[in-house]
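Reader: Before I rely on any of the labels attached to this model, I would like to know what stands behind each of them. Could we go through them one at a time?

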Amino acid sequence: MKSSMWLTLFLAAGLVCVSARLAYVESVVKADVSDVNGDETIEDIMTRASVRRFTEAVPTDSMVQVLLRAGMAAHSIGNKQPWRMTVLVDDEIKDSVAGAFRNLKPVGDAPLAIVVCGVPGETYQGEGDGYWVADCSAMAQNVNIAAHAMGLGSVTCAVYPRSERMAKVKELLELPDSVVPFAMIPVGYPKAANTAKDKWDENKVSYK
Ligand SMILES: Cc1cc2nc3c(=O)[nH]c(=O)nc-3n(C[C@H](O)[C@H](O)[C@H](O)COP(=O)(O)O)c2cc1C
């Protein structure tokens with residue numbers, strides 16, 4: 001075969017690869033979500049919204065178990081699972097937490113709250129010592145989605161990284177020194193319907 005023919009073949013193959021790649025990118029960009037319509041998991045993720053007011057109805061023990069297990073099913077860097085969970089059901093404790101900081105007020109309104117704590121000493125050390133924050137965030141999101149999937153409402157209320165909140169929550173809950181309170185998630189039946197915000201922003205996505 002002549003060298004010019006090899007060159008033509010090489011260029012044609014390159015063209016096919018580039019075209020296939022462009023077609024793929026275009027299909028991703030133009031994709032609608034109709035192929036997952038009806039999928040309950042996707043729908044629960046898309047329709048979750050923070051809930052801060054609750055009725056007096058109390059979620060069942062098995063619901064609470066689901067929340068805890070969903071939380072611990074979260075992904076975790078190196079699978080270190082540097083987390084703890086505390087379930088607050090005692091009104092006195094919930095009220096003391098709710099009264100301490102304005103952002104924790106929903107804890108006082110909810111029949112229960114799940115406290116997500118990190119254990120920095122149980123994840124990577126040195127440069128990776130902040131990984132527990134990512135793991136606790138994932139845990140919190142799992143709890144919120146599981147709550148929503150069961151018809152409950154919840155909201156993540158920040159404790160970490162504010163030192164005043166961390167110190168007070170540690171004191172009120174008598175947490176050990178090795179543990180950092182990351183967030184509180186009041187959970188209950190929503191007092192009113194809450195619609196999910198549309199956060200989709202195509203401009204925040206790029207394809208390469
Ligand atoms: C780490 C974290 C901490 C948050 N802390 C609070 C909080 O202290 N108080 C509160 O009312 N909402 C808190 N939120 C909830 C956000 O305000 C809420 O997610 C945001 O307004 C978007 O609304 P959505 O959850 O309904 O989509 C927190 C959310 C995250 C992720």
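**Strands, burial and a helix pair**

Author: We can begin at one end of a strand pairing, where G118 stands opposite V180 in β5. Please keep in mind throughout that this is a predicted model.

Reader: What makes β2 and β5 a pair of strands?

Author: Two strands count as paired if at least two bridges are found between them. Strand β2 (residues 112-118) and β5 are joined over 7 bridges in the antiparallel sense, and therefore they meet the criterion. Besides G118 with V180, I114 has I185 in β5 as its bridge partner.

Reader: Which other strands pair with β5, and over how many bridges?

Author: Strand β3 (residues 153-154) pairs with β5 in the antiparallel sense over 2 bridges, and G153 is the residue that stands opposite G188. Strand β4 (residues 157-158) is likewise joined to β5 by 2 bridges and runs antiparallel to β5, with C157 opposite M184. Because the requirement is at least two bridges, both of these count as pairs.

Reader: What does β2 pair with besides β5, and in which sense?

Author: Strand β1 (residues 83-88) is joined to β2 by 6 bridges, and the two run antiparallel. Within that pairing, the bridge partner of M85 is V116.

Reader: How do you know that β2 is covered on both faces?

Author: A residue is called buried if 20 or more other C-beta atoms lie within 10 Å of its own. By that test L112, I114, V116 and G118 on one side of β2 are buried, and so are A113, V115 and C117 on the other; 7 of the 7 residues in β2 are buried. In a regular strand the side chains alternate between the two faces of the sheet. Strand β5 (residues 180-188) is mostly covered as well, with 9 of its 9 residues buried.

Reader: Turning to the helices, what describes the packing of α3 and α6?

Author: Two packed helices are described by the angle between their axes and the distance between the axes. For helix α3 (residues 61-72) and helix α6 (residues 131-149), the axes come within 7 Å and cross at roughly 145°, and the crossing is right-handed.

Reader: Which residues meet there, and what is their character?

Author: V66, L67, A70 and G71 in α3 meet M139, N142, V143, A146 and A147 in α6. The residues of this contact divide into 7 nonpolar, 2 polar and no charged, and G71 is counted as polar because Gly is placed in that class.

How values were computed: Residues are numbered from 1 along each chain as its sequence is written. This is a predicted model: local features need pLDDT of at least 70, side-chain atom pairs count only at pLDDT 80 or more; totals for chains, interfaces and linings use all residues. Axes are lines fitted to C-alpha atoms, for helices over the stretch in contact, and angles run from 0 to 180 degrees between N-to-C directions. Helices (H or I, at least four residues) and strands (E, at least two) are DSSP runs, numbered from the N terminus. A crossing is left-handed if the near helix is turned anticlockwise from the far one by less than a right angle, and right-handed if clockwise. Two residues are in contact if their C-beta atoms, placed from the backbone, lie within 7 Å. A residue is buried if 20 or more other C-beta atoms lie within 10 Å of its own, exposed if 12 or fewer, and partly exposed in between; C-beta atoms are placed from the backbone.
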